[in-house]
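Reader: I am new to this structure and would like to learn how to read it. Could you walk me through it step by step?

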There are 2 protein chains.
Amino acid sequence: MPNATEIPTRDRILYASAELFRRQGYAGTGLKQIATEARAPFGSVYHFFPGGKEQLADDVLRTGGRFFLALYEAIAGAAPDLPTAVGDFFAGAAETLEATDFADACPIATVAGEIASTHEVLRQATADVFESWLGAVERDAIAAGVPREQARSLALSVLAVLEGAFLLSRSLKTTEPMDACAKAAVALVRSALIQQPTTPEATT
Amino acid sequence: MPNATEIPTRDRILYASAELFRRQGYAGTGLKQIATEARAPFGSVYHFFPGGKEQLADDVLRTGGRFFLALYEAIAGAAPDLPTAVGDFFAGAAETLEATDFADACPIATVAGEIASTHEVLRQATADVFESWLGAVERDAIAAGVPREQARSLALSVLAVLEGAFLLSRSLKTTEPMDACAKAAVALVRSALIQQPTTPEATT
DNA sequence: GGCCCGCTAGATAGAACGTTCTACTCGTGA
DNA sequence: TCACGAGTAGAACGTTCTATCTAGCGGGCC
């Protein structure tokens with residue numbers, strides 16, 4: 001435990017929770033396991049998150065959502081156009097999957113599927129995060145010349161392809177779905193741009 | 001409990017498990033809840049599934065997989081071509097989502113995401129089921145005139161879009177993602193057919 | 001110095017978990 | 001008539017769960 005003193009306890013708990021929740025789900029992860037993984041005393045979990053597991057999960061989902069959004073915006077900002085941005089993002093996802101033995105995928109998907117029908121508070125958190133991502137892609141699509149109505153639809157489709165690719169890749173333990181879906185997502189973006197080319201370049 | 005005597009206990013357990021697993025996930029569903037929901041004595045669960053929760057889940061996943069495959073094949077068999085079949089399937093999914101208050105989606109997705117990194121036996125079960133679905137779509141795509149290499153890729157993309165649409169629709173509690181993804185999936189199929197039109201009709 | 005408070009640390013409670021076990025009912029075949 | 005096995009029924013076991021509680025550490029402020 002060398003760096004245990006450098007990173008604040010609250011952040012260690014948050015980080016360990018994020019990793020465990022996204023790999024094992026909400027119900028499959030215990031607070032004791034989180035405390036152990038975070039090298040934090042059990043009592044500290046309730047000290048920093050008085051609302052218990054629910055508040056912790058809510059924070060984890062929203063924090064992970066912001067992080068993933070920032071990741072997308074960084075990649076999109078560095079890419080010359082939207083199709084390239086989407087392709088790069090999928091490629092990065094495939095790399096991460098392979099590097100973590102198909103454990104680290106979407107930061108909220110596993111929990112989202114699990115609690116959608118049973119836990120309204122957390123469902124709302126996942127919905128907010130998804131909407132924030134959709135908004136970013138939609139904005140970039142509009143900036144790239146896609147009409148408003150199509151932009152929303154395009155964002156939904158691209159995000160769905162990504163989420164589906166995460167699930168299939170993790171289940172099949174291959175990046176084959178992610179690779180195939182990368183091409184499909186880029187194709188969807190391209191066809192939306194071809195249909196209404198107004199400002200061919202510009203991203204973010 | 002009127003029909004409790006008509007349907008065999010084993011089937012009632014299987015059916016109740018399928019419903020609960022897909023809505024609440026594997027870890028989030030208890031065997032006691034399953035027994036209660038199935039109107040079966042608790043001991044019967046272990047009588048019919050001596051392997052316990054794992055064997056029960058394995059059976060549920062594979063049975064649900066066969067059921068969903070049959071559903072696809074029924075829809076595909078009734079449709080005049082592959083794009084129509086895919087569109088009809090997505091439309092049916094949207095209807096089911098709305099009718100069940102966004103609870104009933106993919107029979108295995110929730111569990112698949114949850115156990116992919118933690119439960120090798122069940123991960124293999126979900127992988128087998130996904131492969132069976134991919135095989136069916138791939139076969140239909142080839143029959144419709146899509147080249148072999150593209151057919152596999154198309155099947156992966158279409159399934160990913162479907163799974164992603166399920167997740168987003170359940171989280172956002174709208175069929176908007178499913179509706180948008182239906183169009184995207186049909187577009188993907190169409191573009192694969194246009195690129196190599198050999199036998200424009202024929203499905204299944 | 002003495003006090004206070006953020007934080008650490010973990011014991012503890014009570015419920016729920018998966019699993020195992022025994023006892024019982026009832027229809028069938030010898 | 002009796003034995004037997006399939007299935008019913010649920011108690012009990014040890015573990016783990018979330019959550020609460022008390023106690024103590026240690027640095028900053030009066």
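Author: Gladly! Please keep in mind that this is a predicted model. Let us start beside the DNA: the residues of the surface near DNA strand C divide into four nonpolar, eight polar and two charged.

Reader: Which residues come nearest to DNA strand C?

Author: There are 14 residues around DNA strand C, and Thr9(A), Pro41(A), Gly43(A), Gly30(B) and Gly52(B) come nearest. The elements giving two or more residues to this surface are α3 of chain A, together with α2 (31–37), α3 and α4 (52–78) of chain B. With four residues, α3(A) gives the most.

Reader: And what surrounds DNA strand D?

Author: Here 15 residues surround the strand, and the closest are Gly30(A), Gly52(A), Thr9(B), Gly43(B) and Ser44(B). Two or more residues come from each of α2 (31–37), α3 (42–48) and α4 (52–78) of chain A, and from α3 (42–48) of chain B. The largest share, four residues, belongs to α3(B). By class, the surface near DNA strand D has five nonpolar, eight polar and two charged residues.

Reader: Let us turn to the two protein chains. How many residues does each chain bring to their contact?

Author: Chain A brings 43 residues and chain B brings 43 residues. On the side of chain B that touches chain A, at least two residues are supplied by each of α1 (9–24), α6 (109–115), α7 (120–143), α8 and α9 (176–195) of chain B. The largest share of that side, 15 residues, comes from α8(B). By class, it has 23 nonpolar, 13 polar and seven charged residues.

Reader: How should I read a pair of packed helices?

Author: Two packed helices are described by the angle between their axes and the distance between the axes. Take helix α8 (residues 148–172) of chain A and helix α8 (residues 148–172) of chain B: they pack at an angle of about 105 degrees, with their axes 6 Å apart. That angle makes α8(A) roughly perpendicular to α8(B). Among the residues making the contact are Leu156(A), Leu159(A) and Gly164(A) of α8(A), and Leu156(B), Leu159(B) and Gly164(B) of α8(B). The residues of this contact divide into 16 nonpolar, four polar and two charged.

Reader: How do α8(B) and α9(B) cross?

Author: Their axes come within 8 Å and cross at roughly 175 degrees. That makes α8(B) roughly antiparallel to α9(B). Residues that meet here include Leu154(B), Val158(B) and Leu172(B) in α8(B), and Met178(B), Cys181(B) and Leu188(B) in α9(B). The contact has 15 nonpolar residues, four polar and one charged.

Reader: Now for single helices. What span should α7(B) have?

Author: At 1.5 Å a residue, its 24 residues should span 34 Å, and the end C-alpha atoms are 34 Å apart, which agrees. Buried residues in α7(B) include Leu122(B), Val129(B), Phe130(B) and Asp140(B). What covers the buried residues of α7(B) includes α8 of chain A together with α4, α5 (82–99), α6, α8 and α9 of chain B. Just after α7(B), Gly145(B) takes a positive phi of about 110 degrees.

Reader: What covers the buried residues of α5(B)?

Author: The cover includes α4, α7, α8 and α9 of chain B. Among the buried residues of α5(B) are Leu82(B), Phe89(B), Phe90(B) and Leu97(B). The 18 residues of this helix should span 26 Å at 1.5 Å a residue; the end C-alpha atoms are 26 Å apart, which agrees. After α5(B) comes Asp101(B), whose phi is positive, near 55 degrees.

Reader: Which residues are buried in α9(A)?

Author: They include Pro177(A), Met178(A), Cys181(A), Leu188(A) and Leu193(A). Elements covering the buried residues of α9(A) include α5 (82–99), α7 (120–143) and α8 of chain A together with α8 and α9 of chain B.

Reader: One last residue, please: is Leu61(A) buried or exposed?

Author: Leu61(A) is buried, with 26 other C-beta atoms within 10 Å; the cut-off for buried is 20 or more. Leu61(A) sits in helix α4 of chain A. Not counting residues up to four places away in sequence, Leu61(A) touches Ile108(A), Val111(A), Leu122(A), Ala125(A), Thr126(A) and Val129(A). Leu61(A) and Phe42(A), 19 residues apart in sequence, are 21 Å apart in space, C-alpha to C-alpha.

How values were computed
Residues are numbered from 1 along each chain as its sequence is written. Chains are lettered from A and ligands numbered from 1 in the order in which they are written. This is a predicted model: local features need pLDDT of at least 70, side-chain atom pairs count only at pLDDT 80 or more; totals for chains, interfaces and linings use all residues. A residue is near a molecule or strand if its C-beta atom, placed from the backbone, lies within 6 Å of it. Ala, Val, Leu, Ile, Met, Phe, Trp, Tyr, Cys and Pro count as nonpolar, Asp, Glu, Lys and Arg as charged, and the others, Gly among them, as polar. Axes are lines fitted to C-alpha atoms, for helices over the stretch in contact, and angles run from 0 to 180 degrees between N-to-C directions. Angles under 35 degrees count as roughly parallel, over 145 as roughly antiparallel, 65 to 115 as roughly perpendicular and the rest as oblique. Two residues are in contact if their C-beta atoms, placed from the backbone, lie within 7 Å. The expected span of a helix is 1.5 Å times one less than its number of residues. A residue is buried if 20 or more other C-beta atoms lie within 10 Å of its own, exposed if 12 or fewer, and partly exposed in between; C-beta atoms are placed from the backbone.
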